[in-house]
Amino acid sequence: MKKVLITLVFITLTGTIFAQSAVDKIFNKYAGKDGYTTVVINSFMFKFLSKIETNDPEYESFKNATSGIESIRILTQDGGNSAGFGKELLNILPRKEYEELMVVKEATEEVVFLIKEEGGKVREFLLIVSSQDDDDALIVITGNIDLESIASLASGLDLPGMENLQDLE
Amino acid sequence: MDKLTHIKEILGRFYEGSASLQEEKELEAYFLSEKVPEELSADKEFVLASAKLMEAIEIPDDLDAKILDRITLAEQSERKVRRISVYSLSGLAAGLLILFSVYLGILRENNLNSRLDQYAIEDPERAYQEARKALEFVSAKWNAGTSELNNLQEVNRGIESISTINKISSGSRELNLLGNLKKAENITIQ
């Protein structure tokens, strides 16, 4: 009986470990489909980019901001007629697994910022855009994400708004 | 009935297995003591060999009990072996199931990774541009949300200023009251 229980627990754990996350399922479903654009920047590329030496301060701040990032995955639906895709994204992504950082609802657009924390550190950052006029998009950033340095990167790149991320800390 | 015929009859029963112990002894005595005809020489050898064999085998008194014990033991060990084999089979099945699920999991992950790998940017300059573009996009959306919060903060500041004016106004009202009291005091004295 004990052995059977141990086996069942092991099988459950194995299933849990290898269970596809909701984000994986979305990419698995839409990557390569007509009308969708998939972009993946993996950890190997970030490691490579971090080794490039330059005097450009913008690039240095980019390196700092992305030093802990393992991957950025982008999935967009092209063509503007993508209300269904954005809504599906908002429905599929399990809100219980993520913390809602911010939700911006406008007449024609809904933008949701989600994060997943582990040990007090942001391990996954999701941006979901569901729009009636523009392209819907999902941006997934994984790794050891330092929001503050991303904010400083934005100010370095002269991107308005990212400095507000500093207020999160 | 002559002796030979009698012996032949007993021999017949001996081969059938129905000869009594006494008859077997009689046969044995006949073949040992008398001159045996040629036709019975083969039977003589067989009967004497059988007798010798029977002498060599001692049948213990508790043979039946021993046989029963052995049978019981054999049944028990058979049951044990069966139980062990059922456990082993279930263990083996569980092991195979685990291996299979691990294999499926790895296969599924590898499948997704390999699918997504084809979209991975291999040109560092393009990767840098795309990463920047993604962060710019995140920034723009973030800014749109937080600007609303900034507006709220401005409203809050306005409310704070109004409450300060209110405090000043209530202070001046108290001073007015004090002034009125002073006037009343002067009138009373006069």
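A:Ile139 touches A:Ile72, A:Ile74, A:Leu127, B:Ala134, B:Phe137 and B:Val138, leaving aside residues up to four places away in sequence. Touching, or contact, means that the C-beta atoms of two residues, placed from the backbone, lie within 7 Å. This is a predicted model, in which local features need pLDDT of at least 70, side-chain atom pairs count only at pLDDT 80 or more, and totals for chains, interfaces and linings use all residues. Residues are numbered from 1 along each chain as its sequence is written, while chains are lettered from A and ligands numbered from 1 in the order in which they are written.

**The cores**

A:Ile139 belongs to the largest nonpolar core, which has 37 residues. A:Ile72, A:Leu138 and A:Ile139 have the most contacts inside this core. Helix 5 (residues 124–189) of chain B supplies the largest share, seven residues. A second, separate core has six residues, among them B:Ile7, B:Leu11, B:Phe14 and B:Leu27. A nonpolar core is a set of buried Ala, Val, Leu, Ile, Met, Phe, Trp, Tyr and Cys residues joined through C-beta atoms within 7 Å. A residue is buried if 20 or more other C-beta atoms lie within 10 Å of its own, exposed if 12 or fewer, and partly exposed in between, with C-beta atoms placed from the backbone. In soluble globular proteins, nonpolar side chains tend to be buried together.

**Chain A**

Chain A has six helices and six strands. Their order along the sequence is α-α-β-α-α-β-α-β-β-β-β-α. Helices (H or I, at least four residues) and strands (E, at least two) are DSSP runs, numbered from the N terminus. Of the 169 residues in chain A, 32% are buried. Among contacts in this chain between residues at least 6 apart in sequence, 55% join residues at least 24 apart.

Two helices of chain A show where their buried residues sit. In helix 2 (residues 22–30) of chain A, A:Val23, A:Ile26 and A:Phe27 are buried. Seen down the axis, the buried residues of helix 2 of chain A fall within an arc of 95°, so they line one face of the helix. The arc is that of the directions from the helix axis to the C-beta atoms. A:Gly32 follows helix 2 of chain A and has a positive phi, near 90°. In helix 4 (residues 57–65) of chain A, the buried residues are A:Phe62, A:Lys63 and A:Ala65. They cover an arc of only 165° around the axis, which puts them on the same side of helix 4 of chain A.

Two strand residues come next. A:Ile69 lies in strand 2 (residues 69–77) of chain A. A:Ile69 touches A:Phe46, A:Ile141, A:Gly143 and A:Ile145, not counting residues up to four places away in sequence. A:Leu114 lies in strand 4 (residues 109–118) of chain A. With the same exclusion of residues up to four places away in sequence, A:Leu114 touches A:Leu93, A:Tyr98, A:Glu99, A:Glu100, A:Leu101 and A:Leu126.

The table pairs residues with partners further along or back in their chain.

| Residue | Partner | Places apart along the chain | C-alpha separation |
|---|---|---|---|
| A:Ile69 | A:Asp146 | 77 residues | 8.4 Å |
| A:Leu114 | A:Met102 | twelve residues | 7.3 Å |
| B:Tyr30 | B:Lys3 | 27 residues | 9.7 Å |

A:Ile69 is buried, with 23 other C-beta atoms within 10 Å. A:Leu114 is buried too, with 21. B:Tyr30 is partly exposed, with 19.

**Chain B**

Chain B has five helices and zero strands. Its elements run α-α-α-α-α from the N terminus on. Buried residues make up 8% of its 190 residues.

Two packed helices are described by the angle between their axes and the distance between the axes. Here axes are lines fitted to C-alpha atoms, for helices over the stretch in contact, and angles run from 0 to 180 degrees between N-to-C directions. Helix 1 (residues 3–16) of chain B and helix 2 (residues 21–33) of chain B have axes that come within 10 Å and cross at roughly 125°. Helix 1 of chain B and helix 2 of chain B are therefore oblique to each other. Angles under 35 degrees count as roughly parallel, over 145 as roughly antiparallel, 65 to 115 as roughly perpendicular and the rest as oblique. The crossing of these two helices is left-handed. That term applies if the near helix is turned anticlockwise from the far one by less than a right angle; clockwise is right-handed. Helix 1 of chain B contributes B:Ile7, B:Ile10, B:Leu11, B:Arg13 and B:Phe14 to the contact, and helix 2 of chain B contributes B:Glu23, B:Glu24, B:Glu26, B:Leu27 and B:Tyr30.

Helix 2 of chain B also packs against helix 3 (residues 41–56) of chain B, at about 120° with the axes 10 Å apart. That makes helix 2 of chain B oblique to helix 3 of chain B. This crossing is left-handed as well. Here B:Leu27, B:Glu28 and B:Phe31 of helix 2 of chain B meet B:Lys44, B:Val47, B:Leu48 and B:Ala51 of helix 3 of chain B.
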